Amino acid sequence: MFNQLIFQQILRKKLQSQIILKIKVLQLLSLEKGKKIKLSCLAKLGIGKEHAKWTPVARSVFRPQPIINFDHQAISALHQRQRLKIIQCAPKGVLGFLSDEDYIPPPDSPGTHLSRIEQQKYIVVKNEAAILDYIEDVTILTRALSSTGKPLIHATVSETNFIFDVEAVGSMPVDEIILCAIYAIKSKCEELKGELGAIEEDVN
């Protein structure tokens, strides 16, 4: 059995209404039975703009969701090396061959599966958040490979849907990070609104 030294931090933030967020228990170290440790701690409040140690987010992506159109019939007619060239046009993990996870069987044939050879006749997007960064190169390449001169893969941007992907480092849950960010933005907007109102009164 190990005695665990735990650290529990409670973040209290009062904006328009009082919000109390409790960060999950973090284990600092483990002690053998009968051992003890003596220490003093200093808690300092800061923001990520000052130092990365106060940033609870490792990665954050916010961008419109792409609407991607494939000419699957023309792509499947290409040589295997040409399809592989299309996938390699973008970094690894952005495009790829169809897999069992991607395949949706037709309603009249549920439970059917494609062979590995059949799967490699189809190209799918594996990372929607990144495809827009490379779609121009993919479009140029597939246009050159097309017998009609039209791109085999084309993407547009959705005007209503978006991708919001947040990866935390473990110090705070993702949902609490987003809530804190929303209330921080709200507070700044209200502060700006008050300052603009004061300026307007001075002008008048």
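The mean pLDDT of this chain is 78, with 80% of its residues reaching 70 or more, and that score is worth keeping in mind because the structure you are looking at is a predicted model. One stretch calls for some care: over residues 1-23 the pLDDT is below 50. In the model, this stretch has 47 contacts beyond near neighbours in sequence.

Now let us turn to helix α2, which spans residues 80-87. Three of its residues, R83, I86 and I87, are buried. They share the same side of α2, because they cover an arc of only 100° around the axis. A general point about helices helps here: an α-helix has 3.6 residues a turn, so residues three or four places apart point the same way. What lies over these buried residues of α2? The cover includes the helices α1 (72-77) and α5 (135-145), together with the strands β6 (95-97), β7 (123-125) and β8 (153-168).

Let us stay with R83 for a moment. Is this residue of helix α2 buried or exposed? Its relative accessibility is 5%, and since buried means under 20%, R83 counts as buried. Leaving aside residues up to four places away in sequence, R83 touches I75, S76, A77, L78, F97, Q120, K121 and I123. With I75 there is also a polar contact, as the side chain of R83 reaches the backbone oxygen of I75 at 3.4 Å.

Next, the salt bridges. How many does a search of the whole structure find? The search finds 3. One of them pairs D165 with R59, and their closest N and O atoms are 2.9 Å apart. D165 sits in strand β8 and R59 in strand β5 (residues 57-70), so this pair ties together parts that are 106 residues apart in sequence. R59 also meets E167 in a salt bridge, at 3.3 Å from N to O. E167 lies in strand β8 as well, so this pair ties together parts 108 residues apart in sequence.

As for accessibility, D165 is partly exposed, with a relative accessible area of 28%. R59 is partly exposed at 38%, and E167 is partly exposed at 38%.

Another salt bridge joins R63 and D133, whose closest N and O atoms are 3.3 Å apart. Here too distant parts of the chain are linked: R63 is in strand β5, while D133 is in the loop between α4 (128-131) and α5, 70 residues apart. R63 counts as partly exposed, at 22% relative accessibility. Through salt bridges that share partners, R59, D165 and E167 are joined into one network.

Conventions. Residues are numbered from 1 along each chain as its sequence is written. Side-chain values use heavy atoms; hydrogens and water are left out. Buried means under 20% relative accessible area, exposed over 50%, partly exposed in between (1.4 Å probe, protein chains only). Helices (H or I, at least four residues) and strands (E, at least two) are DSSP runs, numbered from the N terminus. The arc is that of the directions from the helix axis to the C-beta atoms. Contact means heavy atoms within 4.5 Å. pLDDT is the predictor's confidence in each residue, from 0 to 100. A polar contact is a pair of N or O atoms within 3.5 Å; within protein, one must be able to donate a hydrogen and the other to accept it, and residues adjacent in sequence count only if both atoms are side-chain atoms. A salt bridge is a side-chain nitrogen of Lys or Arg within 4 Å of a carboxyl oxygen of Asp or Glu.
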